[in-house]
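Reader: I am new to reading structures. Please take me closely through one part, the cysteines, and show me what surrounds them.

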There are 2 protein chains.
Amino acid sequence: MKLSPDWVVGFVDGEGCFHISILRHPEMEMGYQVLPEFTVVQHERDIQVLYALKSFFGCGVVRRNHGDRWAYRVRKLSCLERICEFFTRHPLKTKKQVEFVRFRRVVQMMKERRHLTPEGFREIVEIARKMNTGRREALLQMEGTEGLCEDMVHPRTERPG
Amino acid sequence: MKLSPDWVVGFVDGEGCFHISILRHPEMEMGYQVLPEFTVVQHERDIQVLYALKSFFGCGVVRRNHGDRWAYRVRKLSCLERICEFFTRHPLKTKKQVEFVRFRRVVQMMKERRHLTPEGFREIVEIARKMNTGRREALLQMEGTEGLCEDMVHPRTERPG
């Protein structure tokens, strides 16, 4: 299945999720790990669309999310940069664009290793707080959060992949 | 906001809904009314995308669905024919394509007034039964149904618009 850029933008406008988790992680310098994640969740009947997205972006993984739901998931920073470049060239049309711009800022900061500085980390927490309005309280405790990504399971113990 | 055909296909692959309601209607010859409907539901923050779809297809209405959810909704047969022509030229990529093909068959039958014949009506009931797996039991009673269209409210008393 071959996807066109415009189709990908339209589908992600509907089904995509840009998400920042801030997870407790005693071994990290800040005591927390910043985990940006791009996901598209579908019923298993449309798993072939998830693989087409993986092929389109040339990175990421397709994994069972929960039950009969599967996810195309990108966590690797180099791949997230590629995703951000794509959606910079091909802007989203829904208000998800606002989430994307915040997400891209965090990815850029991580590329520059600024999430490892107190100032950078504070800015990222502030950005994540704005993004993840769905479970703000959880975010304030700096646990895993979901925000607008209704379907995604974020297991706390899982490592980035 | 200008939409491209591919963006519309991608967005509808994610967010669109092709739905057949079969409603009790004592004044109709069959005792029931066949009501095909194409809808896209969004949070009110993205109402401008719904108006862009209305403008793209050149017909349909944007209405509050329930709470903070709004819908672009097409019920007029002439406009549904236009929608079906578009998605015939630009096929969906998800399994929603299967729903669409069934939906198009019903629209075509209604155009030919075959829903007013016992054989045609029976075929439409059978198609609608296959489409609306979510609330099959309700369909068997031939009430309003939702199927895969998770967000749409189908008020029984409302007339087609």
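Author: Here is a walk through the cysteines, followed by the sheet beside them and the pairing of the chains. Keep in mind that this is a predicted model.

Start with the bonds. A disulfide is a covalent bond between the sulfur atoms of two cysteines. Over all chains, the count comes to 2 disulfides. In chain A, Cys59(A) is joined to Cys79(A), with 1.7 Å from S to S. The link of Cys59(A) and Cys79(A) is right-handed, with 75 degrees about the S-S bond. Where do the two ends sit? Cys59(A) is in the loop between helix 2 (47–57) and strand 3 of chain A, while Cys79(A) belongs to helix 3 (residues 77–89) of chain A, so the disulfide ties together parts that are 20 residues apart in sequence. Buried or exposed? Cys59(A) is buried, at 14% relative accessible area. Cys79(A) also counts as buried, at 4%.

Now chain B. Cys59(B) and Cys79(B) form a disulfide, with their sulfur atoms 1.7 Å apart. This link of Cys59(B) and Cys79(B) is right-handed, with 70 degrees about the S-S bond. Cys59(B) is buried, with a relative accessible area of 15%. Cys79(B) is buried at 3% relative accessibility.

What about Cys84(A)? Cys84(A) is in no disulfide. The nearest cysteine sulfur is that of Cys79(A), 9.7 Å away. A disulfide needs sulfur atoms within 2.5 Å. Cys84(A) is buried, at 5% relative accessibility. In chain B, the sulfur of Cys84(B) lies 9.7 Å from the closest cysteine sulfur, in Cys79(B), and that is too far for a bond. Cys84(B) is buried, with a relative accessible area of 5%.

Next, the sheet. Strand 3 of chain A, at one end of the Cys59(A) loop, is an edge strand (61–66). The other edge is strand 1 (16–24) of chain A. The open sheet of chain A has 4 strands in the order 1-2-4-3, with antiparallel pairing. Neighbouring strands are turned by 40 degrees against each other on average, direction ignored. Strand 3 of chain A is joined to strand 4 (residues 69–74) of chain A by 5 bridges. Arg64(A) has Trp70(A), in strand 4 of chain A, as its bridge partner. Helix 1 (residues 5–15) of chain A lies across strand 1 and strand 2 (32–43) of chain A.

Last, the pair of chains. A rotation of 180 degrees, with 0.0 Å of shift along its axis, superposes chain A on chain B. The two copies are thus related as by a two-fold rotation axis.

Note on methods. Residues are numbered from 1 along each chain as its sequence is written. Chains are lettered from A and ligands numbered from 1 in the order in which they are written. This is a predicted model: local features need pLDDT of at least 70, side-chain atom pairs count only at pLDDT 80 or more; totals for chains, interfaces and linings use all residues. Side-chain values use heavy atoms; hydrogens and water are left out. Two strands pair if DSSP finds at least two bridges between them. Helices (H or I, at least four residues) and strands (E, at least two) are DSSP runs, numbered from the N terminus. Axes are lines fitted to C-alpha atoms, for helices over the stretch in contact, and angles run from 0 to 180 degrees between N-to-C directions. Contact means heavy atoms within 4.5 Å. Copies are superposed by least squares on the C-alpha atoms of residues with pLDDT of at least 70 in both. Buried means under 20% relative accessible area, exposed over 50%, partly exposed in between (1.4 Å probe, protein chains only).
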